[in-house]
Amino acid sequence: MKKVQFKSSYSQYLFLAPQLGILLIFLYWPIIQTFRDAFTMQDAFGFGTQFVWFDNFLFIFDDPAYWIAFKFTIIYSFVITLITASIGLLLAVQANNVIHGKSAYKTLLIWPYAIAPAVVGVMANYFFSERFGLLYHLFNNLWGFNWYESVFDSYIYLIIAGSWKQISANFIFFLAGLQAIQRSVIEASMIDCKNSIRRFWTITFPLLMPTTFFLIIINITYAFFDTFGIIDTTTIGAPSGETRTLVYKAYMDGFRGLDLGSAGAQSIMMMFIVLFITIFQFRYIEGRIHYN
Amino acid sequence: MTRLITSGFSHFILFIGILIMIVPVWMIFASSTHTGLIINTQGLQMFLGDSFYENYLRVLLYKGGFFKEITALKMFLNSFIMATGVAILSVITSLMAAYALVYFRTKYATLLFWMIFVTILVPLELRIFPTYSVMAELNLVNSYFGLIVPISASAIATLFFRQFYKTVPDELLESAKLDGANTWRFFIDFLLPLSKTMIVAMLIFMFVFGYNQYLWPLLVTSSEQYWTVVMGLKMMSGSIVHRFAFVMMSMVPPILIIIVLQKHFIKGVFQDK
């Protein structure tokens with residue numbers, strides 16, 4: 001914290017008021033209602049609600065569809081993180097390596113970051129359509145690809161659609177991380193170790209750990225939440241619900257099924273998962289301050 | 001010599017990376033300049049056709065949607081209003097909140113800090129139905145206010161501004177106090193000019209964030225008059241080439257902003273000096 005500060009006064013609260021006001025009405029209030037939904041059940045005719053303790057939670061744990069969505073979410077975020085981080089790192093290392101055209105490469109690789117997931121999904125749709133999709137026909141010739149029926153193939157479809165734009169974000173952060181490494185460290189390592197591949201894994205990569213860690217969390221949250229737009233514009237859960245993330249399933253149960261109790265309980269489960277991830281995120285961010 | 005070989009290898013890898021990014025978008029663009037007949041008989045195209053003006057003009061001006069009430073032009077206007085609103089509202093409130101957190105001494109500092117930052121844990125997707133009921137109770141469904149404000153209920157920019165303020169030397173406040181600046185004067189005359197890069201970066205970030213929203217506009221706009229571009233993608237009718245053209249146009253504004261303002265964006269987010 002700052003050594004020199006203003007004394008607390010009413011003006012401090014004037015500065016806080018706009019954000020706190022918005023958060024209270026549009027964030028805290030809905031969260032409280034989410035908890036209320038999760039512990040109550042509406043009767044069939046919508047006349048009243050009843051407090052049911054953990055029934056909604058027990059119900060979702062008993063529901064095989066919940067665990068199918070759970071499994072898909074875990075696999076999906078793991079694979080997307082792995083693919084986008086490794087390709088992003090590979091490209092960043094090469095871009096950091098070249099002398100000419102560094103900024104041109106940066107520009108040419110940064111822009112997919114700005115495209116909305118839903119737009120990426122609609123585009124992916126065209127490449128995986130049965131009628132004229134190039135990738136559909138390429139994969140179909142290779143192993144009889146058919147995402148309408150095969151769970152594995154629909155995973156492939158969503159992994160490609162979901163990874164494409166996220167490579168950009170990984171590239172930007174890794175490049176910034178590489179450029180932050182001090183010149184003297186690199187020069188010293190060049191004298192000690194002639195093998196550039198070994199040098200990368202023993203010197204450069206450990207120095208990139210904070211960036212890697214941060215990106216893992218960014219990628220996981222992307223796979224959890226931002227992929228909603230991709231799924232809703234591509235498989236919509238096809239073949240039969242195997243490609244729904246937890247967020248997508250909660251939305252469908254609440255919106256299509258009008259089951260707010262179940263949707264609330266599912267949201268709270270997600271909050272716990274995100275809480276778990278965010279604790280790590282904070283440790284990284286706070287750790288970075290001490291490091292600098 | 002080895003230097004030449006390794007740098008040749010680097011260029012090659014980067015070239016492939018760029019191809020993976022550009023080719024899909026290029027193919028949709030090239031296909032959007034053909035007629036529907038060509039796409040349906042020959043598939044996606046690699047080279048430009050000659051229906052560019054015809055297709056794009058029709059998409060911009062044609063009244064689509066279930067009730068044939070909205071043009072793509074209106075959707076772009078809505079998206080622009082929403083994205084600008086989100087950017088300005090969240091940046092202003094975050095600047096002020098971060099200032100209050102960093103520059104004031106109070107015994108409630110930790111409590112206030114957590115009250116704001118715990119909100120990062122709960123993205124809109126996790127509280128979407130209750131947020132919708134709040135909007136319905138307040139009669140804000142189908143309004144720009146309803147599109148903008150819940151998306152702006154985010155403390156991510158506050159986190160960035162807080163980090164930035166912490167790097168500002170203490171001497172700045174000391175000298176401002178000697179000049180007799182009060183809390184508002186210090187904020188407006190001293191701190192804001194210093195935060196310019198960070199403000200621009202956050203405006204870009206929140207604009208793209210607001211523009212790219214899909215689920216929330218889908219839920220909160222039952223009237224076609226408030227449809228945005230990204231959600232409209234799923235709603236638009238028309239032939240396949242018109243959809244290609246619509247997809248292409250939908251990605252232009254955020255990509256343009258990121259490319260043109262790239263330097264500011266990267267400078268702010270990574271606090272490069």
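Before I turn to the loop that holds P239(A), let me fix one term: a helix, as I use the word today, is a DSSP run of H or I with at least four residues, and helices are numbered from the N terminus. Please also keep in mind throughout that what you see above is a predicted model.

With that in place, I can say that P239(A) sits in the loop between α11 and α12 of chain A, and that the peptide bond leading from A238(A) into P239(A) is cis, its omega being near 5 degrees. That loop, between α11 and α12 of chain A, is also where I236(A) is found, and the phi of I236(A) is near 50 degrees, which is a positive value in a residue other than glycine. I mention these two details for a general reason: most residues other than glycine have a negative phi, and most peptide bonds are trans.

Let me move on to chain B. Its secondary structure amounts to 15 helices and one strand. The radius of gyration of chain B is 23 Å, well over the 19 Å that the globule rule gives for 273 residues, and chain B is therefore more spread out than a compact globule. If you take the box along the principal axes, the C-alpha atoms of chain B fill roughly 75 × 70 × 30 Å.

Within chain B, I would like you to look at one pair of helices, α11(B), residues 196-211, and α14(B), residues 240-260, whose axes come within 10 Å and cross at roughly 165 degrees. Because of that angle, α11(B) is roughly antiparallel to α14(B), and the crossing in which α11(B) passes α14(B) is left-handed. On the α11(B) side the residues are I204(B), F207(B), V208(B) and Y211(B), and they meet P253(B), P254(B), I257(B) and I258(B) in α14(B). Sorted by class, this contact has eight nonpolar residues, with no polar and no charged ones.

Now, how many residues does each chain bring to the contact between chains A and B? Chain A gives 67 residues and chain B gives 67 residues. Among the elements of chain A that give two or more residues to this side are β1 (6-7), α1 (10-38), α3 (64-97) and α13 (260-291), while the most comes from α1(A), with 17 residues. By class, the side of chain A that touches chain B consists of 48 nonpolar, 15 polar and four charged residues.

Two parts of that contact deserve a careful look, beginning with the strands. β1(A) is joined by two bridges to β1(B), residues 104-105, and the two strands run parallel; in this pairing, F6(A) stands opposite F104(B).

The second part involves α1(A) and α4(B), residues 72-103, whose axes come within 8 Å and cross at roughly 130 degrees. Why do I call α1(A) oblique to α4(B)? The reason is that an angle which is neither under 35 nor over 145 degrees, and which lies outside 65 to 115, counts as oblique. In this case too, the crossing of α1(A) past α4(B) is left-handed. From α1(A) the contact takes Q12(A), F15(A), L16(A), P18(A), Q19(A) and I22(A), and from α4(B) it takes T93(B), S94(B), M96(B), A97(B), Y99(B) and A100(B). In terms of class, the contact of α1(A) with α4(B) holds eight nonpolar and four polar residues, and no charged ones.

Methods: Residues are numbered from 1 along each chain as its sequence is written. Chains are lettered from A and ligands numbered from 1 in the order in which they are written. This is a predicted model: local features need pLDDT of at least 70, side-chain atom pairs count only at pLDDT 80 or more; totals for chains, interfaces and linings use all residues. Two residues are in contact if their C-beta atoms, placed from the backbone, lie within 7 Å. Ala, Val, Leu, Ile, Met, Phe, Trp, Tyr, Cys and Pro count as nonpolar, Asp, Glu, Lys and Arg as charged, and the others, Gly among them, as polar. Two strands pair if DSSP finds at least two bridges between them. Axes are lines fitted to C-alpha atoms, for helices over the stretch in contact, and angles run from 0 to 180 degrees between N-to-C directions. A crossing is left-handed if the near helix is turned anticlockwise from the far one by less than a right angle, and right-handed if clockwise. The radius of gyration is taken over C-alpha atoms; the globule rule is 2.2 Å times the number of residues to the power 0.38.
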